[in-house]
Amino acid sequence: MSTLVLTLITGVGLGALYFLVASGLSLIYGLMHVLNFAHGAFLTLSAFVGWQVAQALGTETWGGFLASLLVGAGVGAVFATLTELVLIRPLYERHIEQVLVTVGLSFAAVALFEGIWGTDAINISGPPWLAGTTPVLGASIPNKYWVLIIAAVLVLLALVLFLRKTRYGMIIRAGVENRAMVTALGIDVRRSFTVVFAIGGAAAGIGGVLAMHAQTFVSAHLGSTLLIFAFIVTVVGGLGSLTGAAVASVVVAVLQQAANTYLQGTGDFIVVILLAVVLLVRPSGLLGKRA
Amino acid sequence: MSAEPILEVTDLSATIAGQQVVESVSFQVPSTGITAVLGRNGVGKTSTLRAVLGLIHRRGSVVLAGERIDSLPTHRIVQRGVGYVPEDREVFAGLTVAENLALAERQRNPRRDFVDALFPDLVQRRDQRAGTLSGGQQQMVSVARALLNDNRLLLVDEPTKGLAPMIVAQVTEALREASTVVPILLVEQNLEVVRALAADAVVIAGGRVVHTGSARGILDDPALTTRLLGVSAGARA
């Protein structure tokens, strides 16, 4: 029983991390039809800068932890905004080139981060509570998972409120359905591209800092590892569907944890099998728009 | 036609995925009333409207109220006072009626009262998702979006397509009402609707303009109607 509880809760926690990365990917693809391979770079840079902020304020203090989160979100948003303005916008409507430039940026960013912060992983210890556990139905749940879950729920709520209650949110929802018609209403849809990149970058930034605290280290490859699962989650959930990304994050991560626990560490393999099954049976994903 | 057209299209050509869909089309739209674009299926009527609006790749000259707009992106053309009612409505299915209308509002004081009076059914369905509306109600949303602003020209593409006769009458009446304040370039297959609404007509065949003149001049001449549109007046082109 306790193993099952542990598997489920840590699965949801891992799913929360996937969601933080996948939410931006999904929104960006839904609106712009760009698979953003540079998303991992947003995450990694945010984690490194977050680490430096935490170092300056005290890595074991909650103040340092919260400041690293806020700065990480800001760094992710700024990096993503610059990427959209400088690299993506000049290639408007040239989707292949846009994807290629994000691939190039992801490689260049890893090299740059290794140049600045070195090739070895840097260990970090957050507030002591994060390293502790909380008993739930006989299982000892690592506290870091609660933080991941709370952060993802808050980000999801913020995104839903933004999409439902603001004009930009309305434009983004409409643009995901029919971008040409949005422009035919006199709206410059390209402005919302920048907004979507900034939001996605901020969520990835929060994900990067939390991933750093959860894994207790940061390295130049932090983003690329998480990006693979975020892409899987985005495809399984349905490209462009935020709700799909949320549901798929939990499904993928719980399945991964369950396979790791009960099927001798085959979590990654099972997730790839799930991806293949979804692509074969339901290519539009769990909640994606059918082609 | 009127001496001062609101829209002048000269040598307009357009392509979709490299395929020529409009070929050197030239015509004018008077600054009042409704001008119909007629032609058999697949001759390029919808593409002509989309080319004017910049929704597809185009070449040639498009002048709106004396200003060339053919190099502008679509949203800038619309901001200059061009409303668009697309074929197949293209409402945002996941957004409510109110959100669909709010997105279309470009001016500080949109003409909500005018639209509400024209389509009272939409007022009751403000919070309903547009995707759950009937085809007729979706068409009302589509027309309403174009009427919320003080446009200089409306491009209306097959507004009665697939609608029940009662809804056709309602949409026809709405367009007649709208045409009292804004000129309309109308693509319409239902020749009865054209007869009821349009003063002028442009006939397209094979991507080119083959005839211009009064709408009644074409529709009252069975031989001309049959030759240009392939059907008799009273039927759908």
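This text walks through a predicted model of two chains, A and B, starting with the confidence scores and ending with single residues in chain B.

The model as a whole scores ipTM 0.90 and pTM 0.86. Chain A has an average pLDDT of 93, and 99% of its residues score at least 70. Within chain A, the element with the lowest mean pLDDT is α7(A), at 91, and the element with the highest is helix α3 of chain A, residues 62-88, at 96. For chain B the average pLDDT is 91, with 96% of the residues at 70 or above.

Chain A can be followed through three pairs of packed helices. Two packed helices are described by the angle between their axes and the distance between the axes. The pairs below are given in those terms.

The first pair joins helix α1 of chain A, residues 2-32, to helix α9 of chain A, residues 189-215. Their axes lie 7 Å apart and make an angle of about 165°. An angle over 145 degrees counts as roughly antiparallel, so α1(A) and α9(A) are roughly antiparallel to each other. The crossing of α1(A) past α9(A) is left-handed. Sorted by class, the residues in this contact are 18 nonpolar and six polar, with no charged residues.

Helix α9 of chain A also takes part in a second pair, this time with helix α7 of chain A, residues 167-177. Here the angle is about 105° and the axes are 10 Å apart. Because angles from 65 to 115 degrees count as roughly perpendicular, α7(A) and α9(A) are described as roughly perpendicular to each other. On the α7(A) side the contact is made by Y168(A), I171(A), I172(A) and G175(A). On the α9(A) side the partners are V189(A), S192(A), V195(A) and V196(A). This contact has six nonpolar residues, two polar residues and no charged residues.

The third pair is formed by helix α2 of chain A, residues 39-57, and helix α10 of chain A, residues 222-237. These helices pack at about 135°, with 8 Å between their axes. An angle of this value falls in none of the parallel, antiparallel or perpendicular ranges, and α2(A) and α10(A) are therefore oblique to each other. The crossing of α2(A) past α10(A) is right-handed. From α2(A), the residues that meet the partner helix are H39(A), G40(A), A41(A), L43(A), T44(A) and A47(A). From α10(A), they are L222(A), G223(A), S224(A), L226(A), L227(A) and A230(A). Seven residues of this contact are nonpolar, five are polar and none is charged.

The next step is from chain A to its contact with chain B. In this contact, 19 residues of chain B touch 14 residues of chain A. Two helices of chain B, α2 (74-79) and α3 (97-104), each supply at least two residues of the side that touches chain A. That side of chain B consists of eleven nonpolar, four polar and four charged residues.

Three residues in loops of chain B complete the tour. A17(B) sits in the loop between β1 (5-16) and β2 (19-30) of chain B. Is A17(B) buried or exposed? With 7 other C-beta atoms within 10 Å, A17(B) is exposed, since 12 or fewer such atoms count as exposed. A17(B) is not a glycine, yet its phi is positive, at about 50°. I56(B) is 39 residues from A17(B) in sequence, and their C-alpha atoms are 9.3 Å apart in space.

E158(B) lies in another loop, between β7 and α7 of chain B. E158(B), also a residue other than glycine, has a positive phi near 45°. E158(B) is buried, because 22 other C-beta atoms lie within 10 Å and 20 or more is the cut-off for buried.

The loop between β7 (153-157) and α7 (165-178) of chain B also holds L163(B). L163(B) is buried, with 20 other C-beta atoms within 10 Å. Which residues does L163(B) contact, leaving aside its neighbours within four places in sequence? They are G135(B), G136(B), Q139(B), V168(B) and V171(B). One of these, G135(B), is 28 residues from L163(B) in sequence, while the C-alpha to C-alpha distance between the two is 6.7 Å.

Methods. Residues are numbered from 1 along each chain as its sequence is written. Chains are lettered from A and ligands numbered from 1 in the order in which they are written. This is a predicted model: local features need pLDDT of at least 70, side-chain atom pairs count only at pLDDT 80 or more; totals for chains, interfaces and linings use all residues. Axes are lines fitted to C-alpha atoms, for helices over the stretch in contact, and angles run from 0 to 180 degrees between N-to-C directions. Helices (H or I, at least four residues) and strands (E, at least two) are DSSP runs, numbered from the N terminus. Angles under 35 degrees count as roughly parallel, over 145 as roughly antiparallel, 65 to 115 as roughly perpendicular and the rest as oblique. A crossing is left-handed if the near helix is turned anticlockwise from the far one by less than a right angle, and right-handed if clockwise. Ala, Val, Leu, Ile, Met, Phe, Trp, Tyr, Cys and Pro count as nonpolar, Asp, Glu, Lys and Arg as charged, and the others, Gly among them, as polar. pLDDT is the predictor's confidence in each residue, from 0 to 100. Two residues are in contact if their C-beta atoms, placed from the backbone, lie within 7 Å.
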